[in-house]
Amino acid sequence: MELRPMRSWIHHSRGRVLRQAVTGRHELGGLYEDMLTRQGFEGRDAYLYRRNEPTGWKHAAPGAGNRTYDGQSLEPTDRTLPGGGPLRLFHNPALSIWVSRRSANMPYSVRNVDGDELYFVHEGTGTFYTEFGPIPYEPGDYVLVPKGVTYRIRPAGPVNYFLVVESAEELGFADTGAFGRRAPFDPGLLYVPSPALDELGDGRDEDGTWPVRIRIRGEYATVVFDADPIDVEGWSGDLFPFKLNIRDYRPVMSDRIHIMPSAYAVFATSTFMVGNFLPRPFESAPDSEPFPPYHRNADYDEFTFFHNGTVLGMPIAPATMSLVPQGLHHGLPAGLQEQVSKNLKPGDRIDSEVVFVDTKAPLTPTPEADAARQSTAQGT
């Protein structure tokens, strides 16, 4: 077992502070709790108690503000062309984030030798045909296709939406620490494919041959075969594609204190993590806080993709995306916190389903992402 480094327990308090952070903010007498963290939520941190709401800036330069994006306005070429492909939105040396809206069977297969690909299925049903066997997909699925695996996608209908995270480093499961091997999900729930030949024989081009688009060094090179490259009748080993649905993920919860996002990580490398915020009850202990403090993540960019539900009862368009650059404040405005808190009843639940990517290296938006950017009034 790999042990984490021991936490620092050398803490100091000066001036007006809470006895315990993230609890009993009503005792602050008008001050706002502001969290500054290193290494996401795993490193050292500080809570500052300030007079003014830290997200209440009047304006921010284009490169400094928190950003939201209209995911429904994105038009990857695979939405209208069977031979089209996904659209890249954000990137850094460790990862790229793409959107695919494939509406028809792929007349080719693909093999990514630049990295692993993690598909999150936002809309649609169908099948990933892989060398290891078919993987049926539905909304809420994570489908992990390891580097070098040949596959193609056959949608069951024209409406599909995939969020795709491409990782240069091998993508594995996040460390669940003391929760053990069966929480927050049992690995026995993974769907692992068995070999099955594609009887429909799709993946062919107009000449009746089977092209394979190989992604290498950021470009695509095509290799054409006379026979279907997905012709495997058996496999063994510990390297294979699989899927996991968010319905089988059981979020970590606490009645007395707000749990920070790193507890919800599902996949991770040495430079980023992918996780999900899923429906759960609000914290209900008398001194607990149902909302996290205002926060500056000094070391990570924070990307989120809204899959389903509401934001504390307020509607939000599915496929809305946000990007909070490292070092910038974000948090729920105080007025909205007060409004939601007044209406909370015992047993009320958060109903949102959100996928997040936290990454050490800053994400660079592509021009296509910038074209879908929406205006944001505050650092929410």
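In what follows, Ala, Val, Leu, Ile, Met, Phe, Trp, Tyr, Cys and Pro count as nonpolar, Asp, Glu, Lys and Arg as charged, and the others, Gly among them, as polar. Keep that in mind as we walk through this predicted model, beginning with its cavities.

A search of the whole structure turns up two cavities of 30 Å³ or more. The largest has a volume of about 40 Å³, and its lining divides into four nonpolar, three polar and two charged residues. Among those lining residues are Phe 41, Glu 42, Met 273, Tyr 300 and Asp 358. The second largest cavity, at about 30 Å³, is lined by eight nonpolar residues, with no polar and no charged ones. Strand E7 (116-123) and strand E12 (161-167) each give two or more residues to this lining, and E7 provides the largest share, three residues.

Now let's turn to the salt bridges, of which there are 18. In one of them, Arg 296 pairs with Asp 34, with their closest N and O atoms 3.2 Å apart. Because Arg 296 lies in strand E20 and Asp 34 in strand E1, the pair ties together parts that are 262 residues apart in sequence. Both Arg 296 and Asp 34 are buried.

Glu 138 and Arg 247 form another salt bridge. Here Glu 138 counts as partly exposed, at 27% relative accessibility, while Arg 247 counts as exposed at 53%.

Finally, look at Asp 198 and Arg 154, whose closest N and O atoms are 2.6 Å apart. Asp 198 counts as buried at 8% relative accessibility, and Arg 154 counts as buried at 12%. Salt bridges with shared partners join these two residues with Arg 152, Asp 202 and Asp 228 into one network.

Definitions and conventions: Residues are numbered from 1 along each chain as its sequence is written. This is a predicted model: local features need pLDDT of at least 70, side-chain atom pairs count only at pLDDT 80 or more; totals for chains, interfaces and linings use all residues. Side-chain values use heavy atoms; hydrogens and water are left out. On a 1 Å grid over the protein atoms alone, a cavity is a set of points where a 1.4 Å probe fits but cannot get out, and a pocket is an open set with protein on both sides within 12 Å along at least five of seven lines; lining residues have an atom within 4 Å of a point. Grid points are joined across faces, edges and corners, and a volume is the space filled by probe spheres set on the points. Helices (H or I, at least four residues) and strands (E, at least two) are DSSP runs, numbered from the N terminus. A salt bridge is a side-chain nitrogen of Lys or Arg within 4 Å of a carboxyl oxygen of Asp or Glu. Buried means under 20% relative accessible area, exposed over 50%, partly exposed in between (1.4 Å probe, protein chains only).
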